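User: I am new to this structure and would like a close look at a single part. Please walk me through one helix and the charged pairs around it.

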Amino acid sequence: MAENANELHNEELEYFFTYGTLMRGRVREDCWPVPPQTVYEARVAGTYLFDWDIGYPAMVVLDHLPASASASESLPKEGRTTQGEVWVYSKDDAEEVRHKLDMIEGYKSDKERQSLYLRRSGPVSIRTQDGAWQTAIASYYVYNRTGFLLGEGAHYECPFSSPDTYALWSKRSPDHC
């Protein structure tokens, strides 16, 4: 952990928020291509975490939903957070990390409409070593098939979503990266 909040605003570092299988102790923890400089407890506000019965979570950031997602109007944003972790990397390692995470999450920058998840960035609250919450900008992946999750008024919110808990996706087979 950082000695102080200044690390959160270090231009030599990049931050990656994860909320499911890539977290410490989860099925894909060992898929990160290089060790992080540090890992923080973190959360993203204005989000819902869904589990759609295939074994991994899907975060939806309400501010990133397309205008056509009519269900977004019925989902309250206030008080909604997704708990997770921020993994911190040097700028030198960040491109390799981004490339690997894009592969894992099924993100194609040149074919976003076909991607399973979209890479986005935004404010993330991070608990520093002294217990204070600080804000930093981090990359994260949001589910791209929101019509499936939000369509026809059916909401399949993960019961482990906010405000203060997160789902614990368990270890699985070794070929998960």
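**A helix and its salt bridges**

Analyst: Start with Glu14. This residue counts as buried, because its relative accessibility is 16% and the cut-off for buried is under 20%. Keep in mind that the model is predicted.

The side chain of Glu14 forms a salt bridge with that of Lys91, at 3.5 Å from N to O. Glu14 lies in strand 1 and Lys91 in helix 1, so the pair ties together parts that are 77 residues apart in sequence. Lys91 counts as partly exposed, at 40% relative accessibility. The pair does not stand alone: salt bridges with shared partners join Glu14, Lys91, Glu95 and Arg98 into one network.

Now look at helix 1 itself. It covers residues 91–105, 15 in number. From first C-alpha to last it reaches 21 Å, close to the 21 Å expected. Its buried residues are Ala94, Val97, Arg98, Leu101, Asp102, Ile104 and Glu105. Seen down the axis of helix 1, the buried residues fall within an arc of 155°, so they line one face. The spacing follows a general rule: an α-helix has 3.6 residues a turn, so residues three or four places apart point the same way.

What covers the buried residues of helix 1? The cover includes strand 1 (13–18), strand 5 (81–90), strand 6 (117–127) and strand 7 (133–143). On the other side of helix 1, Asp92, Glu95 and Met103 are exposed. After helix 1 comes Gly106, with a positive phi near 70°.

Key
Residues numbered from 1 in each chain as written. Predicted model: local features only at pLDDT ≥ 70, side-chain atom pairs only at ≥ 80, totals over all residues. Heavy atoms only, no water. Helix = DSSP H or I, 4+ residues; strand = E, 2+ residues; numbered from the N terminus. Expected span 1.5 Å × (residues − 1). Buried < 20%, exposed > 50% of the residue type's maximum accessible area, 1.4 Å probe, protein only. Arc of directions from axis to C-beta. Contact = heavy atoms within 4.5 Å. Salt bridge = Lys/Arg side-chain N within 4 Å of Asp/Glu carboxyl O.
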